[in-house]
Structure formats: C-alpha cells, structure tokens
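Work through the exercises below with the sequence and coordinates open. Each task is followed by a solution in steps.

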Amino acid sequence: MVVLSKPALEQFSPIKTCKPSSTTFYSNIPVIDLSKPDCKTQLVKACEEFGFFKVVNHGVPMEFMSVLESEAMKFFSLSQSEKDKAGPPDPFGYGNRRIGPNGDVGWVEYLLLRTTFSQKSFDSFKEIPNFCCSSVHDFVSSVRQLACGVLEELADGLKMKQRNVFSKLLKDEESDSIFRLNHYPPCPELQALSGRDLIGFGEHTDPQIISVLRSNNATGLQISLKDGTWVSVPPDQNSFFIIVGDSMQVMTNGRFKSVKHRVLANSRKSRVSMIYFGAPAPRARIAPIESLMKEGEESLYKEFTWSEYKKSAYMSRLADNRLGHFQKQ
Ligand code: GA4
C-alpha cells in the first residue's frame, strides 16, 4: 500500500472534499419499467419531482455494456504517458483531474468522445490506444435509441401532438450529442488523511436535453433534492439513470427540473461510468414550447440557440447556475 504523507495530500489540494456523507442510500428514486403501457405518466411525474430516475427493461443489450466497460478499464489501466497521448480533451480526448476550461478539478480521469461516426471520428479513435471504436458505436447507438424512446413517451405523457418533438432534436444529423467515459480511481489514503470525502466530479447540472448514465456497481453518484439535500443513488449496473438537462427545463418552461448532481470518489472501488449527453444541433432554437404553457403563463426564459447556450456554458464554472443568464427578469 502506498502511504501518503501530508505533502502528498497537498499535491492534490485543488481537489475538493466534502463532509463525509451518510452511507445510506436514498430509496425514493423513481424506478420506471419502460415495458409498461402506463410508463409515460410516471416518466412525467419523475421529471417534475426529481429531474432524475432509473429505467429498467430499457432494451440496451447487457453485452454492449460489459464489452464497453472492459474496453474502458483496459484504457484507464494504461500508463499515464500512454493515456496522455489521447489528450488533452479539446474538446474530445483524454482528460485527467481538470474538468472543463475554467479551473474545475476532480478526482477523475475521462474520455470525451463524439457520437457521430464519420471517417473523422474513426481517425480520432486511432489516437486512443487500445480502444475499440465498434464497442462505443454499438453502445451509443443503442443508448441514443433509449433516450429517444424516453423522450417520445415524455412528449406523449405531456399530451403533445407530435411525439417526436424532443426526440427529433437528438435524431438530427447535426445533433451535438457527446459521450463520456469516466473513471474514478479509489483513494483510501487521501480520504483517510483528510477525514473527508473526495469530490470526483463536482456539483453541476447538464446543459443538454437529457443524459443517460450507466455505471458499474460502485457507489458515488448523488443528486440534490428540491430542498437542497444531497442523497446517494444506489448503483445498479444493469439499469440506466436518466438526468433532465437545462435545455429540457427551458423547453418545458421550468416544469421539468434539470437536476444538480455530483460524484464522490469511492474509497475502495473503482467507479466507471458511461454517459450519453443528448443535445440538439448547434442551430436549433431552444425556448419554452407554447403548447405546453397554460393560458396566460409567461415564458421564464429568453430564446437561444444550442450553440449560444453551449458557448456560455463553456465559459462557466461547473457549479454555476448556467440558466441564470437566460432567465427573464
Ligand atoms: C457537464 C456535462 C458534461 O459532462 C459536459 C461537461 C463539460 C466538460 O466537462 O467539459 C463542462 C460541464 C459539462 C458544464 C460547464 C462547463 C462544460 C465543464 C464545465 C466547467 C461534457 C458538458 O457538456 O457540460
């Protein structure tokens, strides 16, 4: 075992810590069975109450998840210098501890990948040693389908005339959706030295429409409830977690909430997560959808394009309220 001294801890001091949180899991996270005919009502309720839920009977083959997980572990087990050859993430590639361009750091290493599989993306994969492009392709295609299915049920549940009002944004050829593989190495020594929990990925909301997350069976993911309490999500490697993003909050004029979430590093076990961030095309206009607004209901947000929102998001710090700039006074 490597014993770290105080100076070693100081070397990692930019990594944030928090008070050790309760180890009990929150048991009220909605679990929605997508094979049930009434799931749309439960989906709408979960988006309103939590902006977060788990889906089962999701249709993504288990094999896609396990193959990609072992590919990811193979990559993250390479030497630092090998992994660094695939970085920095500008915007795609390997990143270590630094998150985004504005000074955020976390106890995490990751790969940010594009989701369009053109020749260009095949080329960019060649720069990632030991990485099998087809495992990402299979997984992402299947998860995109899951995301679109959920969005169509949501449109139905909201009684919208067009079932594809949200899903068509992700299906657009120019959709700016991205894919992320995160690895949170265990850190028992650091945790023991500081007596606190290490933040793997600091609190934030996702700027996109919807995010679909799958992790191995290691703990760490927390969501913030409406009253601001942080609760731990029980991991489940066979299911997916759906996260409502800022753009969805805007399109529903605040009826669905983009949920604040974060990841605490696990002191004993490596956590690996894979997240698909479903986004519109850069030119797509994001604004509250009129048919979803009650008579006399005022729009809470100024209209913007995804490209404008993304640009502004990338100028913010992780924990900032990014929608603040787009809220009407
Ligand atoms: C949060 C959601 C996605 O992981 C991400 C993140 C992005 C990054 O890691 O580069 C951002 C973050 C995320 C929001 C604000 C900016 C951009 C880091 C950051 C400080 C890939 C994304 O799209 O937005």
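**Exercise 1.** Classify arginine 97 as buried, partly exposed or exposed from its C-beta neighbours inside 10 Å.

Solution. The model is predicted, and the count is taken from its atoms. Step one: arginine 97 has 14 C-beta neighbours inside 10 Å. Step two: a residue is buried at 20 or more and exposed at 12 or fewer. Arginine 97 therefore counts as partly exposed. Step three, location and backbone: arginine 97 is part of strand 4, and its phi is positive, about 65°, although it is not a glycine. Most residues other than glycine have a negative phi.

**Exercise 2.** Do the same for asparagine 57, and state where it lies and what its phi is.

Solution. Within 10 Å of asparagine 57 there are 11 other C-beta atoms, so the residue is exposed. Asparagine 57 sits in the loop between strand 3 (52-56) and helix 3 (62-76). Its phi is positive, about 55°, and it is not a glycine.

**Exercise 3.** Which peptide bonds that lead into proline 88 and proline 91 have which omega values?

Solution. Step one: glycine 87 and proline 88 are joined by a cis peptide bond with omega about -10°. Step two: from aspartate 90 to proline 91 the peptide bond is also cis, with omega near 0°. Most peptide bonds are trans. Step three, placement: proline 88 is in the loop between helix 4 and strand 4, and proline 91 lies in that loop too.

**Exercise 4.** Describe the surroundings of glycine 87.

Solution. Glycine 87 belongs to the loop between helix 4 (80-84) and strand 4 (93-99). With 19 C-beta neighbours inside 10 Å, it counts as partly exposed, since the buried class begins at 20. Once neighbours within four places in sequence are left aside, its contacts are Gly93, Tyr94 and Gly95. The C-alpha atom of leucine 112, 25 residues away along the chain, is 9.6 Å from that of glycine 87.

**Exercise 5.** Check the length of helix 6 (residues 133-157) against 1.5 Å a residue.

Solution. Helix 6 has 25 residues, which should span 36 Å. Its end C-alpha atoms are 36 Å apart, so the two values agree. The buried residues of helix 6 include Val136, Phe139, Val140, Arg144 and Glu153. After helix 6 comes lysine 159, with a positive phi near 60°.

**Exercise 6.** Which residues come nearest to the ligand, and how does its shell divide by residue class?

Solution. There are 16 residues around the ligand, and Ile99, Gly100, Asp206, Ala313 and Leu318 come nearest. By class, the shell holds 8 nonpolar, 4 polar and 4 charged residues. Strand 5 (104-114) and strand 6 (178-184) each contribute at least two residues to this shell.

**Exercise 7.** Characterise the span that UniProt annotates as a domain.

Solution. In an unreviewed entry, UniProt places "domain: Fe2OG dioxygenase" at residues 174-280. In the model, this span is 12% helix and 42% strand, and its end C-alpha atoms lie 8 Å apart.

**Exercise 8.** Judge the compactness of the whole protein from its radius of gyration.

Solution. The protein contains 10 helices and 15 strands. Its radius of gyration is 19 Å, close to the 20 Å from the globule rule for 329 residues, so the protein is as compact as a globular protein of that length. The C-alpha trace spans about 65 × 45 × 40 Å along its principal axes. Of the 329 residues, 40% count as buried. Among contacts between residues at least 6 apart in sequence, 74% join residues at least 24 apart.

Notes:
Residues numbered from 1 in each chain as written. Predicted model: local features only at pLDDT ≥ 70, side-chain atom pairs only at ≥ 80, totals over all residues. Helix = DSSP H or I, 4+ residues; strand = E, 2+ residues; numbered from the N terminus. Rg over C-alpha atoms; globule rule 2.2 N^0.38 Å. Contact = placed C-beta atoms within 7 Å. Expected span 1.5 Å × (residues − 1). UniProt positions renumbered as here; feature names shortened; annotations may be inferred. Near = placed C-beta within 6 Å. Nonpolar A, V, L, I, M, F, W, Y, C, P; charged D, E, K, R; others polar.
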